[in-house]
Amino acid sequence: MTTGPTSTDRWTTLDFGPPQSDLTEPDSSVLVDYVSGDRVAVITLNRPHADNAITTEMGARLTDVVETIAVHPAVRVVILTGAGDKAFSVGSDLRQRKNMTKEDWLRQRQDFDRTLYTVRQLRKPIFAAVNGIAYGGGSELAQSTDFIIAADTATFGQPEAMLGLAAGGGSPVFLPRLLPPGKALQMLMTGDPVTAREAHRLGMVNEIYAQAELIDEAHRIAEKIASNSPTAVQAVKRAVQLGQGQPTEQAIAIMMEAHWRSAVHPDRVEGIGAFNERREPTFQDPDY
């Protein structure tokens, strides 16, 4: 006996659905703006009509943008956010994936792996200003940055298991480091999202703001970072990244290598001189 499809409330907690197929795509799915004399780069995921779902083309564009920023010496900090009021990103575009062959899927997976790796390996500080829902690969993209601030309307979720997938963009690695491991497993196993306030309480999100204030606050944080020595900022980022999970003395050795290099850098002379003269320091662009 054949039965028809039954209605379900399974997807209602996710607060999004497949995008309409007849909507016009923007000229660019990822925007980049350079502000403050190019010291701050703002990357905006720009498919608001589709909740900033990531297509193959959008992933490739994001990789290209981040790689370009990586070799732009003037850029000292990067803000990553989403267009619109509803979503940061709901992850991979499931409408595009619906009719993919296995080979298409695996190729896209390789492309997305490169995107996330490029974000994680960026020497410059990069943080996410999560303006709305961040699900699946969108949440994992935010987790791949150095830290997260969020609008008070934001939510974070990993619904992959609901779709028959094991999460593969980093959340099984990063969520247990950002959250209590049991809470991370609950999110990964149930697909249930958490609010920005809960994520903040548990330590996943650094700060939360009213949505209308989020980008201004992101710029404030970025300007503070950009005003510091970019060589020193990048050095401590690298010390933290390389020292994670290492035995204590090995982590301290990594830290001290960064410290001693900064001690003989011109920025150290400039910074201490500015402190004693009670003026703003003028730090050089980083030398690689």
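Strand E2 (residues 40–45) is mostly covered in this predicted model: six of its six residues are buried. Its side chains split into two sets, with Val40, Val42 and Thr44 pointing one way and Ala41, Ile43 and Leu45 pointing the other. That fits a familiar pattern: in a regular strand the side chains alternate between the two faces of the sheet. Both sets in E2 are buried.

What does E2 pair with? Strand E1 (residues 30–35) runs antiparallel to E2 over six bridges, and strand E3 (residues 77–82) pairs with E2 in the parallel sense, also over six bridges. To find your way around, look for Val30 opposite Leu45 on the E1 side, and for Thr81 in E3 as the bridge partner of Thr44. E1 and E2 form a hairpin with four residues between the strands, and Ser36 there takes a positive phi near 55°.

**The cores**

The largest nonpolar core counts 39 residues, and E2 residues turn up in its best-connected group: Ile43 and Leu45 are listed with Val78, Phe88, Val130, Ile148 and Phe156 as having the most contacts inside it. Helix H1 (residues 56–70) gives the most to this core, five residues in total.

Val78 is a good spot to zoom in on. Leaving aside its neighbours within four places in sequence, Val78 is in contact with Ala41 and Ile43, with Ile69, and with a run of residues further along: Leu122, Pro125, Ile126 and Phe127. There is also a second, separate core of 16 residues, and Val40, Ile79, Ile149 and Ala222 are among its members. Compare the two cores at E2: Ile43 and Leu45 sit in the largest one, while Val40 belongs to the second. In E2, Val40 points the other way from Ile43 and Leu45.

**An open four-stranded sheet**

Elsewhere, four strands make an open sheet in the order E4-E6-E8-E9, with mixed pairing. Strand E4 (87–89) and strand E9 (194–195) are the edges, each pairing on one side only. E4 runs parallel to strand E6 (residues 133–135), and two bridges join them. Ala87 stands opposite Ile133 in E6.

**Salt bridges**

Side chains of opposite charge can pair when their charged atoms come close. The structure holds 13 salt bridges. Three of them are set out here.

| Salt bridge | Closest N to O distance |
|---|---|
| Asp146 and Lys237 | 3.0 Å |
| Glu270 and Arg279 | 2.7 Å |
| Glu277 and Arg279 | 2.6 Å |

Which parts does the Asp146 and Lys237 pair tie together? Asp146 lies in the loop between helix H4 (137–143) and strand E7 (147–151) and Lys237 in helix H9 (residues 230–243), so this salt bridge links parts that are 91 residues apart in sequence. The two ends differ in cover: Asp146 is partly exposed at 33% relative accessibility, whereas Lys237 is buried at 9%.

Arg279 has two partners to look at, Glu270 and Glu277. Glu270 is buried, because its relative accessibility of 17% is under the 20% cut-off. Arg279 comes out partly exposed at 34%. Glu277 counts as exposed because its 53% is over the 50% cut-off. In addition, salt bridges that share partners join Glu25, Arg47 and Asp93 into one network.

**Pro266 and the start of H11**

Pro266 belongs to helix H11 (residues 266–277). Is Pro266 buried or partly exposed? With a relative accessible area of 42%, Pro266 is partly exposed. Pro266 and Phe283 are 17 residues apart in sequence, and their C-alpha atoms are 8.3 Å apart in space.

**A nonpolar patch on the surface**

Which residues make the nonpolar surface patch? Leu94, Leu163 and Leu165 do, and the patch covers about 230 Å². Leu165 is found in the loop between strand E8 (155–157) and helix H5 (171–178). Its relative accessible area is 32%, so Leu165 is partly exposed. E8 is also one of the strands in the open sheet described above.

Methods. Residues numbered from 1 in each chain as written. Predicted model: local features only at pLDDT ≥ 70, side-chain atom pairs only at ≥ 80, totals over all residues. Heavy atoms only, no water. Patch = residues over 30% accessible without salt bridge, like charges linked within 9 Å, V, L, I, M, F, W, Y side chains within 5 Å. Areas by Shrake-Rupley, 256 points an atom, 1.4 Å probe, with all protein chains shown as cover. Salt bridge = Lys/Arg side-chain N within 4 Å of Asp/Glu carboxyl O. Buried < 20%, exposed > 50% of the residue type's maximum accessible area, 1.4 Å probe, protein only. Pairing = 2+ DSSP bridges. Core = buried A, V, L, I, M, F, W, Y, C linked by side-chain atoms within 4.5 Å. Contact = heavy atoms within 4.5 Å.
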